[in-house]
Amino acid sequence: MSDRYGDFVQSSIGKKVAKNLGLPLPVGLDRFESGQRLIRGSVLVGAATGEDNRVSQAIARIFSELHAEIFVNNNDYVKGALADAGVEAKANTADDNKFKVLLFDASNISNASELKQVYEFFHAVARRVERSGRVVIIGRPPEECDDIEFALAQRALEGFIKSVGKEFKRGITAQLIYVAEDAEQNLDSTLRFFTSARSAYVSGQVIRVDKANAIDIDWAQPLGGKTMLVTGASRGIGESIARVLAREGAHVICLDVPQQQADLQKVASEISGSTLLVDITSDDAGAQVADAAEKRGGLDAIIHNAGVTRDKTLANMDEQKWDMVININLASIAKLDRYLLDNDVLKDDARIVCVSSISGIAGNLGQTNYATSKAGVIGLVDATAKQLSRNDKGMTINAVAPGFIETQMTEAIPFAIREAGRRMNSMSQGGLPVDVAETIAWLASPASGGLNGNTVRVCGQSLLGA
Ligand code: NAD
């Protein structure tokens, strides 16, 4: 879909006009391309001082495989952890060093005054982050800290990182990862995602990584040998999800309604996947998915992407619009999941990823039906996550909540509302379907077993519901 204003401000005259009028200045965002190095630029790694070096060791281990140029500040004890992992870090002594990634281990920050170390690390380099740069802090989940001082300091990091996301602009994203104690071995997929161009439109997020089985993985094809089903795969975000999962090595079963047969077949044949023509609200949807999955030995992931809008203010909304949206966007997902879990269609370590919306977080005028359905999806994820963590099969469920994504769905929004939705975020632009797809590929990875019950917004840090 076209963003004429966004294109205009890329030109030198457009940039000048926007600057003089104080208008938003969206920059072109870096996006991942196959064959590229994951991190294209220098990384500054830092750590708060303290006894516990488990997070720093995990960072060192992960970066020893990434072949990025690593810098550390003088005397930062993280240098030792990096050296032990075989990473030769350079000293950050020149004032003109620029960084693509700023990464800080804050897991030792145990009271309010120690937060000063966060200020010191980031203040010194706040003007030296490159366009489409990445800022990541790793801490401990406050809810698991018994000590009040420790808990408040860790919780405080959330305010810091969300403010950085709003301040830095130029396509720079900022995230906070809370890793549980002894779950450091499960950080790999999350750190790779958030330090790379794959997370182009994800910002201001707080992610929780828990303990899970560590899995050996071929990072060039992390989904190799996996069978994954995507609902609503014939176009828009679903098509992009199918393409990215296939790019990462998965066989994708592309599902959509029979009316979409031609488009669905085109997508499936281009990615060597298969098709399944089913309305997910039909009584036998579960059985049909199970049949298709059985032919491939079961499902490693299901991505619940299919969804519709039927917007009207509540006073003007007829019953049919309410029923249809709740049925497709929510009730059918719950029913399908129940069927797949009860009938062992999902394999051990399977991943369920649901597509919610920031409308389900913030609510939206004219969308009582849609927001109810998408908030319900988050409820489904929270409750199912608890159940899955008890059943010991390594399965997980997470949600993505897209903000304004350039698709047919958003093209249909009236101009003024569309323009507001597009600009009211830290990136001053809409996201692309591929941004949602990359986020789903990360959550669907076998290496993401530590992620369960997260709702990750793909919204460029939209102001709505923030
Ligand atoms: P889209 O309308 O382009 O695609 C939706 C797909 O779902 C279509 O292929 C459609 O045929 C299919 N579908 C609809 N009902 C179905 C049914 N009963 N059974 C099987 N398939 C069905 O929409 P999109 O913009 O690509 O949105 C995809 C998902 O992302 C939806 O869940 C939507 O709510 C969510 N979302 C989109 C945005 C956005 O900005 N586009 C923002 C937030 C959330």
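Reader: Why is D344 called exposed?

Author: In this predicted model, D344 has a relative accessible area of 55%, and because the word exposed is kept for values over 50%, D344 is counted as exposed. Its place is in the loop between α11 (319–342) and β12 (346–355), and its phi is near 50°, a positive value in a residue other than glycine.

Reader: S428 also has a positive phi in a residue other than glycine, so why does S428 count as buried?

Author: The phi of S428, near 55°, does not enter into that label, which rests on accessibility: S428 has a relative accessibility of 12%, and since buried means under 20%, S428 counts as buried. This residue is found in the loop between α15 (415–423) and α16.

Reader: What makes T439 a buried residue?

Author: T439 is found in helix α16, which runs over residues 433–443, and its relative accessible area is 0%. Because the limit for a buried residue is under 20%, T439 is buried.

Reader: Which residues are in contact with T439, leaving aside its neighbours within four places in sequence?

Author: They are F193, V202, V400, V456 and V458, where a contact requires heavy atoms within 4.5 Å. A200 is 239 residues from T439 in sequence, and the C-alpha atoms of these two residues are 9.5 Å apart in space.

Reader: What makes the pair of D435 and T439 a polar contact?

Author: A polar atom of the side chain of T439 lies 2.7 Å from the backbone oxygen of D435, and because the cut-off for such a pair is 3.5 Å, the distance of 2.7 Å satisfies it.

Reader: How do you know that the radius of gyration of the protein chain agrees with that of a compact globule?

Author: For 466 residues, a compact globule would have a radius of gyration near 23 Å, and the protein chain has 22 Å, so the value agrees. Along its principal axes, the C-alpha trace spans about 65 × 55 × 45 Å. Of the 466 residues, 55% count as buried, and of the contacts with a separation of 6 or more, 75% are between residues 24 or more positions apart. The chain exposes about 19900 Å², of which carbon and sulfur atoms supply 49%, and its secondary structure comes to 16 helices and 14 strands.

Reader: Which residues come nearest to the ligand?

Author: Among the 28 residues around the ligand, R235, I237, D256, N305 and Y370 come nearest. By class, this shell has 13 nonpolar, eleven polar and four charged residues.

Reader: What makes the pairs that S234, D279 and G403 form with the ligand polar contacts?

Author: Each distance can be set against the cut-off of 3.5 Å between N or O atoms. A polar side-chain atom of S234 lies 3.1 Å from an oxygen atom of the ligand, an N or O atom in the side chain of D279 is 2.9 Å from a nitrogen atom of the ligand, and a polar backbone atom of G403 is 3.3 Å from an oxygen atom of the ligand. These distances lie within the cut-off, so the pairs are polar contacts.

Reader: How much of the ligand does the protein bury?

Author: The protein buries 94% of the 830 Å² that the ligand exposes when taken alone. The elements that give two or more residues to the shell around the ligand are α8 (236–247), β9 (251–256), α13 (368–391) and α14 (408–411).

Key:
Residues numbered from 1 in each chain as written. Predicted model: local features only at pLDDT ≥ 70, side-chain atom pairs only at ≥ 80, totals over all residues. Heavy atoms only, no water. Near = heavy atom within 4 Å. Polar contact = N/O pair within 3.5 Å; in protein donor to acceptor, adjacent residues only side chain to side chain. Areas by Shrake-Rupley, 256 points an atom, 1.4 Å probe, with all protein chains shown as cover. Helix = DSSP H or I, 4+ residues; strand = E, 2+ residues; numbered from the N terminus. Nonpolar A, V, L, I, M, F, W, Y, C, P; charged D, E, K, R; others polar. Rg over C-alpha atoms; globule rule 2.2 N^0.38 Å. Buried < 20%, exposed > 50% of the residue type's maximum accessible area, 1.4 Å probe, protein only.
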